[in-house]
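Thanks for coming. I will take one structure today and go through it piece by piece.

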Amino acid sequence: VSSSLEQAMKLFAKPQEELESNEFFTGILPNNRFSTWNKSSLETANGNKFYIKPFNPSGRGIHPNYII
């Protein structure tokens with residue numbers, strides 16, 4: 001959670017790098033991850049979606065299952 005989108009994108013890069021570099025996660029990497037992954041969202045091969053949103057009033061209406 002961060003207060004700006006720019007800061008959230010910087011924090012989001014670390015988990016993306018870990019998913020790509022750790023062989024434990026190769027089973028969930030989609031074949032087309034370069035078209036489904038970007039600086040603010042990613043989707044795994046099993047359909048899980050992760051995206052970033054800064055912690056501010058514009059995030060109202062979102063109902064996430066988990067907040068990391």
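**Helix H1 and what covers it**

I begin with a residue off the main helix: Phe 55 is exposed, at a relative accessible area of 67%. Phe 55 sits in the segment that follows S2. Along the chain, Phe 55 and Ser 4 are 51 residues apart, yet their C-alpha atoms are 7.2 Å apart in space.

Before going on, please keep in mind that this is a predicted model. Its mean pLDDT is 80, and 79% of the residues reach 70 or more. By element, confidence is highest in S1, with a mean of 87, and lowest in helix H2, residues 33-36, with a mean of 75. As a reminder, where pLDDT is low, the predicted coordinates should not be read in detail.

Now the overall layout. There are two helices and two strands, and from the N terminus the order of elements is α-α-β-β. The protein has 68 residues, of which 21% count as buried. It exposes about 5,600 Å², and carbon and sulfur atoms supply 55% of that area. If you take contacts between residues at least 6 apart in sequence, 36% of them join residues at least 24 apart.

Helix H1 covers residues 5-21. How far apart should the ends of H1 be? With 17 residues at 1.5 Å a residue, the span should be 24 Å, and the end C-alpha atoms are 25 Å apart, so the two agree.

Which residues of H1 are buried? They are Ala 8, Phe 12, Gln 16 and Leu 19. Their cover includes strand S1, residues 41-43, and strand S2, residues 49-51.

Let me walk along the helix, starting with a residue outside that buried set. Met 9 is in H1, and it counts as partly exposed because its relative accessible area is 28%. Setting aside sequence neighbours up to four places away, Met 9 contacts Lys 39 and Ile 52. Met 9 and Ser 41 are 32 residues apart in sequence, with 9.1 Å between their C-alpha atoms.

Next is Phe 12, also in H1. Its relative accessible area is 11%, so Phe 12 is buried. With the same neighbours left out, Phe 12 touches Asn 38, Lys 39, Ser 40, Ser 41, Leu 42, Phe 50 and Ile 52. For Lys 39, 27 residues along the chain from Phe 12, the C-alpha separation is 7.3 Å.

Then Gln 16. Is Gln 16 buried or exposed? Gln 16 has 11% relative accessibility, and therefore counts as buried. Beyond four places in sequence, Gln 16 touches Trp 37, Asn 38, Ser 41 and Leu 42.

Further along is Leu 19. Outside its neighbours within four places, Leu 19 contacts Phe 25, Ile 28, Leu 29, Trp 37 and Leu 42.

**The core and Leu 42**

Which residues make up the largest nonpolar core? There are seven: Ala 8, Phe 12, Leu 19, Leu 29, Trp 37, Leu 42 and Ile 52. H1 gives the most to this core, with three residues.

Leu 42 is the core member to look at from the strand side, as it lies in S1. Leu 42 counts as buried because its relative accessible area is 5%, against a cut-off of under 20%. Again leaving out neighbours within four places, Leu 42 is in contact with Phe 12, Gln 16 and Leu 19, and also with Thr 36, Trp 37, Asn 48, Lys 49 and Phe 50. Pro 30 is 12 residues from Leu 42 in sequence, and their C-alpha atoms are 9.8 Å apart.

**The aromatic pair**

Last item. The structure holds one aromatic pair. Phe 24 and Phe 25 form it, edge-to-face, with 5.2 Å centre to centre and 85° between the planes. How exposed is each partner? Phe 24 is exposed, with a relative accessible area of 69%. Phe 25, at 24%, counts as partly exposed. Phe 25 is also one of the residues in contact with Leu 19.

That is what I have; I am happy to go back to any part of it.

Methods:
Residues are numbered from 1 along each chain as its sequence is written. This is a predicted model: local features need pLDDT of at least 70, side-chain atom pairs count only at pLDDT 80 or more; totals for chains, interfaces and linings use all residues. Side-chain values use heavy atoms; hydrogens and water are left out. Helices (H or I, at least four residues) and strands (E, at least two) are DSSP runs, numbered from the N terminus. Buried means under 20% relative accessible area, exposed over 50%, partly exposed in between (1.4 Å probe, protein chains only). Contact means heavy atoms within 4.5 Å. A nonpolar core is a set of buried Ala, Val, Leu, Ile, Met, Phe, Trp, Tyr and Cys residues joined through side-chain atoms within 4.5 Å. Rings of Phe, Tyr and Trp (its six-membered ring) pair if their centres lie within 6.5 Å; planes under 30 degrees apart count as stacked, over 60 as edge-to-face and the rest as tilted. The expected span of a helix is 1.5 Å times one less than its number of residues. Accessible areas come from the Shrake-Rupley method with a 1.4 Å probe; for residues, only the protein chains shown count as cover. pLDDT is the predictor's confidence in each residue, from 0 to 100.
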